[in-house]
Amino acid sequence: MGEVNDWATRIRGAGLRATNPRLIVLEALAQRSHVSVEELVDIVKSYGKSVSLQSAYNVLTDLCHAGLVRSIELPHQPARYELDNGDNHHHAVCSSCAKIYDVSCAVGYTPCLTPAEDHGMQIKIADVFYRGVCVNCQECELDEVTS
């Protein structure tokens with residue numbers, strides 16, 4: 001797992017108290033990203049620690065607002081979470097198994113898309129979701145066709 005002192009420094013730098021639940025959640029997200037709250041709680045349990053579902057929701061909300069964690073909101077799926085490393089990346093989602101992959105932004109700066117109408121807003125982020133079928137699911141589909 002990650003270095004607790006580094007997480008504590010980052011949490012404090014974001015204006016929050018470095019509580020055990022916040023440290024545990026960041027450590028878990030450092031090991032695995034694109035996880036739901038339920039998956040996050042299971043990861044924490046696998047480390048021999050515990051955090052309640054409600055506490056995990058509260059911590060994730062705080063860490064998202066502080067800019068340490070990013071929420072990925074996909075239609076018809078629970079929110080997924082990852083560390084917000086300040087990079088500008090998008091996501092590719094497999095329509096068969098729902099696995100999420102990071103995709104680097106082709107442009108490199110944010111926002112990488114210019115909206116046709118900004119309604120007077122200062123646009124800071126443009127989320128892009130690519131949808132397709134991952135290599136593993138393609139192979140499974142091919143196996144089903146050839147069987």
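**Close-up 1. The buried side of helix α4 in this predicted model.** The buried residues of α4 are A56, V59, L60 and L63. They sit on the same side of α4, because the arc they cover around the axis is only 100 degrees. If you like to see where such a pattern comes from: an α-helix has 3.6 residues a turn, so residues three or four places apart point the same way. Covering these buried residues are elements that include α2, α3, β1 (69-72) and β2. On the face of α4 turned away from the buried side, look for the exposed residues Q54 and H65.

**Close-up 2. Helix α4 from end to end.** Here is a quick check on the geometry. With 13 residues at 1.5 Å a residue, α4 should span 18 Å, and its end C-alpha atoms are indeed 18 Å apart, so the two values agree. After α4 comes G67, which has a positive phi, near 80 degrees.

**Close-up 3. Helix α3 and its two faces.** V37, L40, V41, I43 and V44 are the residues to pick out here: they are buried in α3. Their arc around the axis is only 160 degrees, which puts them on the same side of α3. The buried residues of α3 pack against α2, α4 and β2. K45 and S46 are exposed, and they lie on the face of α3 turned away from its buried side. Following α3 is G48, whose phi is positive, near 80 degrees.

**Close-up 4. The largest nonpolar core, with L29 and L60.** This core has 25 residues, and L29 and L60 are those with the most contacts inside it. The elements α1 (4-13), α2, α3, α4 and β2 each give two or more residues to the core. The largest share, six residues, comes from α2. Where does L29 reach, leaving aside its neighbours within four places in sequence? L29 is in contact with V35, L40, L60, V69, Y81, E82 and L83. Two of these partners will be familiar from the earlier views: L60 is one of the buried residues of α4, and L40 is one of those in α3.

**Close-up 5. A network of salt bridges joining R32, E39 and R80.** The structure holds five salt bridges, and this view shows R32, E39 and R80 linked in a network. Side chains of opposite charge can pair when their charged atoms come close. E39 meets R80 in a salt bridge with an N to O distance of 2.7 Å. That pair links distant parts of the chain, with R80 in strand β2 (residues 80-83) and E39 in helix α3, 41 residues apart. E39 also forms a salt bridge with R32, where the closest N and O atoms are 3.9 Å apart. How accessible are the three members? R80 is buried, with a relative accessible area of 14%. E39 counts as partly exposed because its relative accessibility is 25%, and R32 counts as partly exposed at 42%.

**Close-up 6. The salt bridge between K49 and E27.** The side chains of K49 and E27 meet at 3.9 Å, N to O. Which parts of the chain does this pair link? K49 is in the loop between α3 (37-46) and α4 (53-65), while E27 is in helix α2 (residues 20-31), 22 residues apart. Is each partner buried or exposed? E27 counts as buried, because its relative accessibility is 3%, whereas K49, at 32%, counts as partly exposed.

Note on methods
Residues numbered from 1 in each chain as written. Predicted model: local features only at pLDDT ≥ 70, side-chain atom pairs only at ≥ 80, totals over all residues. Heavy atoms only, no water. Salt bridge = Lys/Arg side-chain N within 4 Å of Asp/Glu carboxyl O. Helix = DSSP H or I, 4+ residues; strand = E, 2+ residues; numbered from the N terminus. Buried < 20%, exposed > 50% of the residue type's maximum accessible area, 1.4 Å probe, protein only. Expected span 1.5 Å × (residues − 1). Arc of directions from axis to C-beta. Contact = heavy atoms within 4.5 Å. Core = buried A, V, L, I, M, F, W, Y, C linked by side-chain atoms within 4.5 Å.
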